[in-house]
Structures are given as structure tokens and as C-alpha cells.
Amino acid sequence: MHAVPGSSSVARGLAACLVILGLSSAARAAPRKPPNILFILADDLGYGDLGAYGQKRIATPNLDRMAAQGTRFTQVYAGSTVCAPSRSVLMTGLHTGHTRIRGNGRVALQPGDVTVAEVLKTKGYRTGLVGKWGLGHEDTTGAPGKQGFDEFFGYLDQGHAHNSYPTYLWRNGEKVKLKNVVPNEAKSGAGVATEKVDFSNELFTQEALSFIDRHKSGPFFLYLALTSPHANNEGGKLGIEVPDLGQYKDKDWPEVEKRFAALVTWTDAAVGRVLDRLEALGLDEQTIVFFTSDNGAHHEGGHDADFFDSNGPLRGTKRSLTEGGIRVPMIVRWSGHVPSGRVCDSIGHFADFLPTAAALAGVKAPKGLDGVDGTAALLDTKGQANDRFLYWEFHEKAFVQAVRWRNWKAIRTGLDGKLALYDVGKDIGEEQDLAAQNPDVVAKVQAYLKTARVESKEWPIK
């Protein structure tokens, strides 16, 4: 495993941010008008898959440049360890003990659920979603158009999103037919194309550029949810789909790993195109850009996450509540406001995005959120207090819960399971269980767990 720059221990109760290039006076000044907000979400990208986070063999020059121009966060956590609940947390500001969607399935958001798009619309934002949704199908109350998005182009179903060469995509409530051919296509749209013409992520990148061009006068909120580097789970041992192998064609690597590397580098190039368009339009100082991943590295489509050390110094991968399943890279750039060249250890969570976006826009966030306003960590060098509890639950083969409090990370399986406790400030790989030596911390976590969640009829505890 490789060391990740900036992954040092956090001071008790307060996370410090290291400024490498300094903070300009402009960064301390509040913006004159609400900024455009661009949130770019990769799919199954590991903590160690980017050069800025220690990756040595996969090229990510654009995201490395974004990190140099902005702030790289080392302790940001996804909403869950799989896609749909993680995105539900991101959109609603509620963790998986409270948000409606707590696992992958066909559960939809309801009219009473408030999304970040709905909040920003009250401030006059034009809202767009491009890419993967997963929070409601076309005939449900969870469809993007019923959850605050003015424009939508992409996948509604996460199974459909496995296929990077689908026969159709959705534009608002209508199907858009593509040139790909998928024999034995499932009802959800999942399958493997035999004729691959239209690469969905290329279409998403083009759509994102068009959205920015059309709404450059702002303010706009664009949620660009790429599906790379997720594998096509129906594709077997070569389930990584990418237009070409690029610079990795002649590498002495397994075919699937060449594909994976090419897909990560393709994703990096797509982000670069979007950043370049903002620069060309003179929107750098008026647009805050977030880049992150919906969960940790994957072991799907024949890909071995250990081949490129995709989880870096972390233990576990997707579908685990260990750090490797939920700690994700996050880079934020906003010229003149977010400090450049900074590495920040402030602890963040996907639930923080809604209240942070609301604060940036100058509008009140809904009450009762689990997330907090993270603008202090974005805009200044002092970071923010980290004395709160973060919570996750995962419903799959067993019911698993995880808690982060200060430097402590706790995990248990089942409501009566034994609690494992790690000091991730010193033991980022979660190798030494310290529960027996810290009964007071265990007691605090157990007391918190009694009130951390509400029951869910859609996701009963098994």
C-alpha cells in the first residue's frame, strides 16, 4: 500500500488544513452573488485511484491539476458503500439511518423528501442532472423532474447504468434511442452491447458542456454523475467498458486492468474538458466545482482493486463499511475563494453537501438535516470542529453499522453484535481493534447508536 499525502492524524476535536501555496485575500471575501455549483461524481473510483492521492500507474493529469488549483480533502466520506443510498444521502442531507433510500433497489424518493436541487431552485438556480440518478424511475415520485431538476439526461436505473453502451437513455421523461445493439436486454435496460457506437459517458460530457454554455449567465447547479469507472456487471471478466485502451494499449497488464486504467484516464480527461470550458467562458471565479466518488474502489467486471492499489492505505472496498468502502477522494476548486494547493483533513460527509450548497447560495437549508454547513472548511485555513458523530448502515447480506467520532471509527454487525473500534487518526488501515482498551469510547458510541436511526419499512433490519 502507498502512503497518501495529507493523511496524517487529526488534532482532537478540530481538523487542521495545511496550506501549501497560501490563501489569497480574495478567498477571504464573500462572493458578490451566488456561485454556480458543479458537482461531478465518479462511480466506484477508489481513494487511491488518482495521482493526487498517491496513484503511480494511472494518469490523472486534469484532476491532479484541479487539486493544485484547489483543495484536496483527505477525510471525506461517501453516503454509503454502494450507489443508490450514497446518492440519496448526497441529495437529501440525511445519513442512511434517516434518508429514504438505504440500499440498491427500486425504492423512490417521495414528495416529502427535499433535495438540494429543490433548495437551490428557491434561489433562482437552473438545475440540471446529467448521468446516473438511481433514486426513482420515470413513473414514480422519485423521477428527477419531480425532485427539483429542470433538466435531466441519463440513466434512471442503476442496473441500466451498468451498460456504458445502452440502447437508450432518458431525457426528462422521454426515451432517447441510441445506435448501440444489446441482445437479450433486460427490462431495466441492463445488458451487454454487441454493437458499441454511443458511449454514454461521452454523451454525458457533451451534455454537461451544453448545459454550461446554455446557462452561463447563471446561477446554475449541475450534478454531473458519470458512471465511470463502474464495471458492467453483466459483462463477466471483461466488464470494464471503454472506447479504447489509449496509452495503456501496450502495457504488460491483464486486459481488464488496461481497460480500467483507460477508463479512469478517460474520466480524468472528461473532467478536464469541463474545467476548460469554465475557463474559456470566464466562469472560474463564479463556479465552485466538487469532484468525488460515490463509494470506494470496486472488485467487479474482472477488475482486481489490488492491481493498482485502488484503495490506497485503506482497508476494504465497495460493499464494506471499513474505510476503503466509504472514504473517498474529494477535490474542490473555486478560483479566488477556495485556497489553492491546500490539503485539508477536515472530516466531511455527503450529507454536508445540501447545507453547504444552501449556504453558498444564500438560502436556508431544511431543518433536521444530518449534514452540516462545510463552507468554513472550504473557504478558510482553520477547518471546522469535528466533534459530531457520522453514521452509516448497510443492508445486504447482513445489517452493518458504522460510526465515525473524532478520530474513532466503530463498526458492528447486527444490533447485538460486538463493536470493533479503531483509531483511524493513527491506524488508517483499521488493523488494531482498540475496543477493549477504550470502554468509555465504546459506551459513547453505543449510546449514540440507540438514537442514530429510525425504522424503515423499505429497509427492515435482517
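This passage walks through the nonpolar cores and some backbone features of a predicted model.

A good place to begin is the interior. The largest nonpolar core holds 56 residues, and the members that touch the most others are I40, F204, L222, L224 and F291. Two or more residues of this core come from each of β2 (36–42), α2 (61–69), β5 (151–155), α5 (200–214), β8 (220–225), α6 (255–280) and β9 (287–293). Of these elements, α6 contributes the most, giving 12 residues. For a closer look, L222 can serve as a guide: leaving aside residues up to four places away in sequence, L222 touches I37, L38, F39, G128, V130, A208, F211 and I212. Separate from this core is a second one of 49 residues, with L90, V116, L156 and L378 among them.

The backbone also deserves a visit. Most peptide bonds are trans, and most residues other than glycine have a negative phi. Against that background, the bond from G218 to P219 is cis, with omega near -5°, and P219 sits in the loop between α5 and β8. A cis bond also links S228 to P229, here with omega near 5°; P229 belongs to the loop between β8 and α6.

Two asparagines have positive phi values. N172, in the loop between β6 (168–171) and β7 (174–177), has a phi near 55° and is partly exposed, at a relative accessible area of 44%. N184, found in the loop between β7 and α5, has a phi of about 55°. Because its relative accessibility is 79%, N184 counts as exposed.

Notes:
Residues are numbered from 1 along each chain as its sequence is written. This is a predicted model: local features need pLDDT of at least 70, side-chain atom pairs count only at pLDDT 80 or more; totals for chains, interfaces and linings use all residues. Side-chain values use heavy atoms; hydrogens and water are left out. A nonpolar core is a set of buried Ala, Val, Leu, Ile, Met, Phe, Trp, Tyr and Cys residues joined through side-chain atoms within 4.5 Å. Buried means under 20% relative accessible area, exposed over 50%, partly exposed in between (1.4 Å probe, protein chains only). Helices (H or I, at least four residues) and strands (E, at least two) are DSSP runs, numbered from the N terminus. Contact means heavy atoms within 4.5 Å.
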